Amino acid sequence: MGSTGKKNIAILGSTGSIGTQALDVIRQHPDRFRAALLAANNNWESLCSQALEFKAEDVVICNPDHYHKVKDALSGHGISVHSGMEAVCGLVSEAGADIVLTSMVGFSGLESTVAAVRAGKTIALANKETLVAAGAIVMSMAKASGSQIIPVDSEHSAIFQCLQGSHGAPAEKIHLTASGGPFRTWTAEQIASATKEQALRHPQWNMGSKVTIDSATMMNKGLEVIEARWLFDMQPERINVVVHPQSIIHSMVEFADGAVIAQLGHPDMREPIQYALGYPDRLTLNNRKLDFASLATLTFSAPDTERFPALGLAFEAIRKGGNMPCIMNAANEAAVSAFLQDRIGFYDISDIIASCMEEAEFIADPDLDGVFATNGAVLSIAREKIKKAAAARKP
């Protein structure tokens, strides 16, 4: 990747929800940003369309099965085509990428994020599993390399923005807001029989399927608690989750004097994306602006960890520390995938996570190899539990 007067952006996961919205931000500010590197896993046709529109220098199709399709489609356009995660890691480590937007879904985003952090890149972090699975390791690497990590998750972006207005005053407490998902008002009995289609109908946000299911179980908020612990060096007991179904307040920071600073806006991921890419500047955005006179009511309530046990499991994991959050995350990824395949029930997800957290080998101070080994081992354990749960559902 070469250099220009614009910021060169590497988008890892360019065809997903965050990636496509990031490209819309770039589309609105062609004088500020250039999509220099685009990487996707399987959606090769969309990747090719993006590469041609934005005149990317490099594209990576992570699944090598699609390499020749991409190569042929982009032939003669001056775009270098690569395949595999090794290529992604190599390209984000080069001098050309100014900001690396890590928006690949799940644990698969860890390897490339680590490569970019080691290279001292500015990271626009949209892959929460990176800090869930290896938070202590990644933050230590960032400190050593000088890599700046700017959060893209709407909640963590909100906290980051609130802290900009604190003039260095430390946060006393973080309040992460949660929509409550599609089952906020459902009874436990109703939730137990929830279908994939019902779980995917999020009332506020338009997200990918894995994140949407995580929101329905409230595991998404649990992952965000763990991410916040590392991003803001905040102990778990000082991180609070509050259900706010209107999703207007994206999160809040409380200070020693009791003052609370909140960041507000309509549910639109382009806002935190543009803030991360343009930081410290604020850029124009053709999004819907708040009309306070039309906001009839903003409501708040405590989360119910009996109906949504996944959130409690996340707090348990971060309090335990070590590789326990990685264990929890791997089990969740396997279970959510099985639920999306209609193999297991909704509450089987949290049951499988809890069971894996009990059985998997605990490591108090894992290194990066230990994190990858834990992930692989737990996926194997979870698959066996999924088989049993699936068999129990058959009539």
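**Exercise 1. Find which strands helix 7 lies across, and place them in their sheet.**

Step 1. Helix 7 (residues 154-164) lies across strand 8 (173-178), strand 10 and strand 11, and runs at about 45° to strand 10. The model is predicted.

Step 2. Strands 8, 10 and 11 belong to an open sheet of 4 strands, whose order is 9-8-10-11 and whose pairing is mixed.

Step 3. The edge positions are taken by strand 9 (239-243) and strand 11 (260-264); each has a single partner strand, so one side of each is left without a neighbour in the sheet. On average, neighbouring strands of this sheet are turned by 20° against each other, direction ignored.

Step 4. Strand 10 (residues 249-254) and strand 11 run antiparallel and are joined by 5 bridges. Take valine 253 as an example: its bridge partner in strand 11 is isoleucine 261.

**Exercise 2. Classify glutamate 57 and arginine 34 by burial, and describe their contact.**

Step 1. The side chains of glutamate 57 and arginine 34 form a salt bridge, with 3.1 Å from N to O.

Step 2. This pair links distant parts of the chain, 23 residues apart: glutamate 57 sits in the loop between helix 2 (44-54) and strand 3 (58-61), and arginine 34 in strand 2 (residues 33-40).

Step 3. Buried means under 20% relative accessible area. Arginine 34 has 16% relative accessibility and therefore counts as buried. Glutamate 57, at 24%, counts as partly exposed.

**Exercise 3. Describe two further salt bridges, then find a network.**

Step 1. The structure holds 17 salt bridges. One of them joins the side chains of lysine 210 and glutamate 129, at 3.1 Å from N to O. Lysine 210 is in helix 10 (residues 209-217) and glutamate 129 in helix 6 (residues 129-145), so that distant parts of the chain, 81 residues apart, are linked. Both lysine 210 and glutamate 129 are buried.

Step 2. In another salt bridge, glutamate 224 meets lysine 221, with the closest N and O atoms 2.6 Å apart. The two residues are separated by about one helical turn, because they are 3 residues apart in helix 11 (residues 219-231). Glutamate 224 and lysine 221 are also buried.

Step 3. Follow the salt bridges that share partners: they join Asp24, Arg27, Glu53, Asp268 and Arg270 into one network.

**Exercise 4. Identify the elements that line the largest pocket.**

Step 1. The largest pocket holds about 950 Å³ of space. Its lining consists of 47 residues, and those nearest its centre are Ile18, Ser103, Val105, Gly208 and Val211.

Step 2. Two or more lining residues come from each of helix 1 (17-28), helix 7, strand 8, helix 10, helix 11 and strand 10.

Step 3. Helix 10 gives the most to this lining, with 5 residues.

**Exercise 5. Locate the largest cavity and name its main contributor.**

Step 1. Searching the whole structure gives 1 cavity of 30 Å³ or more. The largest cavity holds about 50 Å³ of space.

Step 2. The residues lining the largest cavity are Thr217, Arg307, Phe308, Pro309, Ala310, Phe346, Tyr347, Ile349 and Ser350.

Step 3. Helix 13 (309-320) and helix 15 (346-359) are the elements that give two or more residues to this lining. Helix 15 supplies the largest share, 4 residues.

Definitions and conventions:
Residues numbered from 1 in each chain as written. Predicted model: local features only at pLDDT ≥ 70, side-chain atom pairs only at ≥ 80, totals over all residues. Heavy atoms only, no water. Salt bridge = Lys/Arg side-chain N within 4 Å of Asp/Glu carboxyl O. Buried < 20%, exposed > 50% of the residue type's maximum accessible area, 1.4 Å probe, protein only. Pairing = 2+ DSSP bridges. Axes fitted to C-alpha atoms, helices over the stretch in contact; angles between N-to-C directions. Contact = heavy atoms within 4.5 Å. 1 Å grid on protein atoms, 1.4 Å probe; cavity = no way out; pocket = protein on both sides within 12 Å on 5 of 7 lines; lining within 4 Å. Points joined across faces, edges and corners; volume = space filled by probe spheres on them.
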